[in-house]
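Subject: Handing over a structure

Hello,

I am passing this structure on to you, and I hope you enjoy looking through it. Please open it alongside this message.

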Amino acid sequence: MSSSSSKRKEESHLANGGVKQSTWSKAFCSTAVWEEKDEFLDVIYWLRQIIAVILGVIWGVVPLKGFLGIAIFCVINAGLLYVYFSSFQQIDEEEYGGTWELTKEGFMTSFALFLVVWIIFYTALHFD
């Protein structure tokens with residue numbers, strides 16, 4: 001057996017003999033325990049990116065334009081993630097630097113991704 005596969009097996013077992021949950025399975029489990037701060041912040045970051053792509057496609061297809069589209073994106077993006085970490089995961093926000101830190105985690109990157117996807121879909125579908 002190679003050392004990398006045995007190392008992975010060791011990492012997947014906890015000290016109590018249980019199997020370690022994957023990050024994404026913990027992300028969709030409301031009773032998840034986050035041992036590492038960065039692991040939860042990564043989940044917040046990637047959920048934001050997924051929301052950005054989905055909303056960018058919807059805004060491009062609808063077609064939504066201007067400041068209204070940007071404002072609605074910001075409200076939905078921040079609102080969904082706030083509900084996720086405060087109600088679904090029920091984490092202690094102060095442990096992660098407060099509500100504001102969690103709310104802005106990965107926001108600008110998701111905003112840029114949203115704009116790119118929105119522009120591409122809007123242009124592709126509504127211009128000759």
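Below is what was found, beginning with some notes on how to read it.

This is a predicted model, in which local features need pLDDT of at least 70, side-chain atom pairs count only at pLDDT 80 or more, and totals for chains, interfaces and linings use all residues. Residues are numbered from 1 along each chain as its sequence is written, and side-chain values use heavy atoms, with hydrogens and water left out.

Let me start at the surface. Trp24, Phe28, Trp46, Ile50, Ile54, Ile58 and Val62 make up a nonpolar patch there, with a combined accessible area of about 720 Å². Such a patch takes residues with over 30% relative accessible area and no salt bridge, joining nonpolar side chains (Val, Leu, Ile, Met, Phe, Trp, Tyr) within 5 Å, while like charges are joined within 9 Å. A salt bridge here is a side-chain nitrogen of Lys or Arg within 4 Å of a carboxyl oxygen of Asp or Glu. Areas come from the Shrake-Rupley method with a 1.4 Å probe, and for residues only the protein chains shown count as cover.

The most residues in the patch, 4, come from helix H3 (residues 37-61); helices (H or I, at least four residues) are DSSP runs, numbered from the N terminus. Ile50 sits in helix H3 and counts as partly exposed because its relative accessibility is 43%. For these classes, buried means under 20% relative accessible area, exposed over 50%, and partly exposed in between (1.4 Å probe, protein chains only).

Helix H3 also holds Gln49, which is buried because its relative accessible area is 7%. A polar atom of the Gln49 side chain lies 3.1 Å from the backbone oxygen of Tyr45. Beyond its neighbours within four places in sequence, Gln49 is in contact (heavy atoms within 4.5 Å) with Gly106, Thr109, Ser110 and Leu113.

Another glutamine to look at is Gln89, in the loop between helix H4 (66-88) and helix H5 (99-104). Gln89 counts as buried because its relative accessibility is 3%. The side chain of Gln89 places a polar atom 3.1 Å from the backbone oxygen of Ala27. Setting aside neighbours within four places in sequence, the contacts of Gln89 include Cys29, Phe40 and Tyr84.

Finally, the cysteines: the structure holds 0 disulfides (pairs of cysteine sulfur atoms within 2.5 Å). Cys29 counts as partly exposed at 22% relative accessibility, and Cys74 counts as partly exposed at 25%.

Best wishes

Key:
Helix = DSSP H or I, 4+ residues; strand = E, 2+ residues; numbered from the N terminus. Polar contact = N/O pair within 3.5 Å; in protein donor to acceptor, adjacent residues only side chain to side chain.
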